[in-house]
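Hello,

The structure we discussed is below, and my notes follow it. Please read them alongside the coordinates.

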Amino acid sequence: MAILNDRIKNRRKLLNKTLLELAEYIGVKEATMQRYESGEIKSIPYDNIVLIAECLDCTPQYLMGWSDYIKTEINFTEHEMDLITAYRNQPAMQKAVDRLLGIQEEKVVVFQAARSTNNTPPGYTEISKSVIEKLENAPDFKGDL
């Protein structure tokens with residue numbers, strides 16, 4: 001059962017969850033959860049394993065050591081999970097990482113009705129969602145052009 005205990009502890013720490021959070025989720029005392037994780041309790045009820053897996057965003061099969069795949073829908077390695085967690089924990093660096101990996105910001109196709117200063121005829125153009133958001137939140141202009 002050591003693999004079960006190790007995987008519970010590793011997933012909990014990877015997801016920055018406390019023993020108390022996990023215990024409350026499955027409906028046991030924190031001390032019981034600690035004994036599950038340490039291996040002191042050898043026989044964890046099946047229903048609790050399912051709830052632990054749910055809280056730790058993995059499958060019961062992964063926790064039991066029957067599979068090396070954390071989730072059944074998309075199979076990530078531990079390294080990939082570490083990368084995803086690091087990415088999510090560093091929002092200030094996400095744009096730089098996206099550029100490095102060639103991940104493009106989602107674009108929206110809009111119709112450009114007005115002519116530009118270089119006399120480009122009306123037509124369709126792509127604008128990133130972040131630019132659209134900035135335009136929507138921009139203060140109203142009150143003055144002469």
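In which helix is the place of Thr 85? Thr 85 sits in α6, residues 78-89 (helices, H or I, at least four residues, and strands, E, at least two, are DSSP runs numbered from the N terminus). Thr 85 is buried, at a relative accessible area of 15%; buried means under 20%, exposed over 50% and partly exposed in between, with a 1.4 Å probe and protein chains only. Its C-alpha atom is separated by 7.6 Å from that of Leu 14, 71 residues apart along the chain.

This is a predicted model, in which local features need pLDDT of at least 70 and side-chain atom pairs count only at pLDDT 80 or more, while totals for chains, interfaces and linings use all residues. Residues are numbered from 1 along each chain as its sequence is written, and side-chain values use heavy atoms, leaving out hydrogens and water.

The largest nonpolar core (buried Ala, Val, Leu, Ile, Met, Phe, Trp, Tyr and Cys residues joined through side-chain atoms within 4.5 Å) has 22 residues, of which Ile 8, Met 33, Ile 52 and Leu 63 touch the most other members. At least two residues of this core come from each of α1 (2-14), α2 (19-26), α3 (30-38), α4 (46-55) and α5 (60-64). Beyond four places in sequence, Leu 63 has contacts (heavy atoms within 4.5 Å) that include Ile 3, Ile 8, Ile 49 and Ile 52.

Two loop residues other than glycine have a positive phi near 55 degrees: Asn 16 and Asp 57. Asn 16, between α1 and α2, is exposed at 55% relative accessible area. Asp 57, between α4 and α5, is partly exposed at 40%.

Regards
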